[in-house]
Each structure stands twice: as C-alpha cells, then as structure tokens.
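The following note is offered to a colleague who has the sequence and the model at hand. Each numbered point takes up one part of the structure.

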Amino acid sequence: MRPLSLHEIVDRERYEALRPAYRDAVIAHKRDRRVALGDRVSLVFEDRETLRFQVQEMAWVERIDDADRIQHELDVYNELMPAERQFSATLFVEIVDLAEIRPELERLIGIDEHVAMLLGDDETPIPARFDPKQMEAERLSAVQYIKFTLDADQARRFADTSIVARIRVDHPNYPCNTELPAPVRQSLAADLSREPTPLLEAPGKPPAPQGPPGDEVVFESPQVRVLRPARPRTPGHLVVESTGPMASILEVAPEQAQELLLAVQRAAREVTGAYGACRIQTDVSPAEARLRVHILPARSDR
C-alpha cells in the first residue's frame, strides 16, 4: 500500500466536526479486521485507513497544526504500512486486572518467536515478524507491531476462501490456534488486490483522474491505475494505464516505471491466479497520449 501523505490529513478545525462520524466508520472498519487469540491477546490488522485515523487522532489530541510535526507522525505510522503481499497488525495483550499486568507480560516474554499464520493443511508457518525496536530481552510491552509476509503462492491461497487461514500461538504459557473469522479473511483478502476506500475526504487533495465511464478502478497510485474495463476484450481483462499523458514507453521516468511495473505485476497476478496464465499487450491512446498495458487471460483467442 502507498504511504500516507500530508495532503490526506484533514486540518484540526475541520476534523473536529467530522470526527464523530469518522470514528464510527473506522470502528466499524476495524471490527472486520480484529481477531481474538484466546482471552488475553488480540490482533488488529492495519491498512491505510486505520493508520490514517491514528495520525488524525494524534494531531487532534495533541493539538498539532505544524506540517513538519504532522509529517513526523506520518513517518512513524508509515513504518506500519503493509507492503505488497504483506499483512501488518497491532498485537494487544489485554489484561483488565492491574495487578496481573506485569506478571502476565513476564509470562509472555518470548512470544515474538511463537506467532505464525498457517494456510490449510500446510504446516509450514508464515512467521510473524515483530518490530525489533520494541523488543527487550527481559521485558514485553502490551502493544506490539507485527507483519506477516506472504510469497506469491501463499497470497493466492489466502485469497481462496476454501482454504482455512488461522493464527497459531505456540508459546508454552499461551497456546492458541484461531481460524480467521470470515469478515477478517474477506477484508484481508481485499488488501492483496486493492487499497481500502477512503473513509474521510481530505480537502485540497488533487482530484484523482477517473477512467472512462463504467470502468472500475481496482487500484490506483499517484501515477498509474488498474482498471476493470466496462467493455472487456475477454472475461478477466485488466488494464494498467498512466494517470497522466505519456506519449510512449520511452518517456517513462524511473519512478513512473517502478509504479507501472508494480501495477502490472499486481494485475498479472490477479489474472494468472484466476485463469492460470496471462499475456500482456501495450498500446497508447492517440486521443489522450496515455500509455495502457492490457493484461488478458492467456487462453483467450483475442
């Protein structure tokens, strides 16, 4: 997912009026991204909207208006942004009895080596990588930041809801094996192919260019987007195009080329996962001087 940028953060004065409705929307969004691991540990999977909310709340509570200070908060929370084929989560150790907090956390020391995701009957774990900056040899914080990184095959299998996905904790003091609830699985599977719909409109954000009427925008970054065309050449057809004029592939700047390649890879994985293989064609729209890359199922005869 793209990192959060300054123009996506609403100023405090306007945010105060929008905050109640926005909080309700984020709470509902998080509800489908939370999984309880036993009775004392839970995970909340992060995305651009959950992290954006934390920056907005930090700026509002701390009364931060300075752009440099807000950018600092963005830099901190962008470290938690999931990368491609990656799930990022905040792990909470939830202890109500204050007297039990310290002894319970001491019992869980070493949990960073005992959390993993499992897919189906495959006992090969996808280990949770804990943030090393939080880890201490003899002390455990009640809040931990973790990431699960999937390879291409694991991402394909995770998107297949017929394959059970579960989180296993095999710490000797806290064994737990929990299947991801259906709403969590659905929300996370969507992360593998697109970014979440914004829950708060930021003023001043440059209007995102839209595709032709009827086209579905599957994914968009600052310089490229993936479309599901309203009139596909064949079922499964996806289009990757530049968001601005680009006369030819020779004009692609290095940073544009990187975004273009990542978007093509994302679209190709989706088509290959659904149809077994894909083929790629490139053209330029004469009217708009817009570079387009077509990803089509390989079995198509078009």
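1. A crossing of two helices is called left-handed if the near helix is turned anticlockwise from the far one by less than a right angle, and right-handed if the turn is clockwise. With that convention in mind, the crossing of α2 and α3 is right-handed. The contact draws on L51, Q54, V55 and M58 from α2, together with E73, L74 and Y77 from α3. By class, these comprise 5 nonpolar, 1 polar and 1 charged residues. Helix α2 spans residues 48-61 and helix α3 spans residues 67-78; their axes come within 10 Å and cross at roughly 150°.

2. It should be kept in mind throughout that this is a predicted model. The chain has 302 residues, and buried residues make up 44% of them. Its secondary structure consists of 7 helices and 14 strands. Of the contacts between residues at least 6 apart in sequence, 64% join residues at least 24 apart.

3. The loop between α2 and α3 contains R63. The phi angle of R63 is near 55°, a positive value in a residue other than glycine. Is R63 buried or exposed? R63 counts as exposed because its relative accessible area is 58%, and the cut-off for that class is over 50%.

4. A second residue with such a backbone angle is R85, whose phi is also near 55° and positive although the residue is not glycine. R85 lies in the loop between α3 and β3, the latter covering residues 86-93. With a relative accessible area of 25%, R85 is partly exposed. R85 is also one of the residues that line the largest cavity.

5. How many cavities of 30 Å³ or more does the structure hold? There are 2. The largest encloses about 100 Å³ of space. Its lining is formed by M1, P82, A83, E84, R85, Q86, D191, L192 and R266. In terms of class, that lining divides into 4 nonpolar, 1 polar and 4 charged residues.

6. The second largest cavity has a volume of about 40 Å³. Its walls are formed by M117, L118, L119, D122, T124, I126, Q154 and R157. Which elements each supply at least two residues of this lining? They are β4 (115-119), β5 (122-127) and α5 (152-159). The lining comprises 4 nonpolar, 2 polar and 2 charged residues.

7. Helix α5 appears again at the second largest pocket, where α5, α6 (182-191) and α7 (254-275) each supply at least two lining residues. The volume of this pocket is about 490 Å³. Its lining has 18 residues, and those nearest the centre are A155, R156, A159, R269 and E270. Which helix gives the largest share of the lining? Helix α7 does, with 6 residues. By class, the pocket lining has 7 nonpolar, 3 polar and 8 charged residues.

8. M135 is situated in the loop between β6 (129-130) and β7 (143-149). Leaving out residues up to four places away in sequence, M135 touches D112, F130, L140 and Q144. D112 is 23 residues from M135 along the chain, and their C-alpha atoms are separated by 8.4 Å. M135 has a relative accessible area of 24% and is therefore classed as partly exposed, since buried requires a value under 20%.

9. Finally, A277 occupies the loop between α7 and β13, a strand covering residues 278-285. Which residues does A277 contact beyond its neighbours within four places in sequence? The partners are V271, T272, L296, P297 and A298. For P297, the separation is 20 residues in sequence and 6.0 Å in space, C-alpha to C-alpha. A277 is partly exposed, with a relative accessible area of 31%.

Definitions and conventions
Residues numbered from 1 in each chain as written. Predicted model: local features only at pLDDT ≥ 70, side-chain atom pairs only at ≥ 80, totals over all residues. Heavy atoms only, no water. Axes fitted to C-alpha atoms, helices over the stretch in contact; angles between N-to-C directions. Helix = DSSP H or I, 4+ residues; strand = E, 2+ residues; numbered from the N terminus. Contact = heavy atoms within 4.5 Å. Nonpolar A, V, L, I, M, F, W, Y, C, P; charged D, E, K, R; others polar. 1 Å grid on protein atoms, 1.4 Å probe; cavity = no way out; pocket = protein on both sides within 12 Å on 5 of 7 lines; lining within 4 Å. Points joined across faces, edges and corners; volume = space filled by probe spheres on them. Buried < 20%, exposed > 50% of the residue type's maximum accessible area, 1.4 Å probe, protein only.
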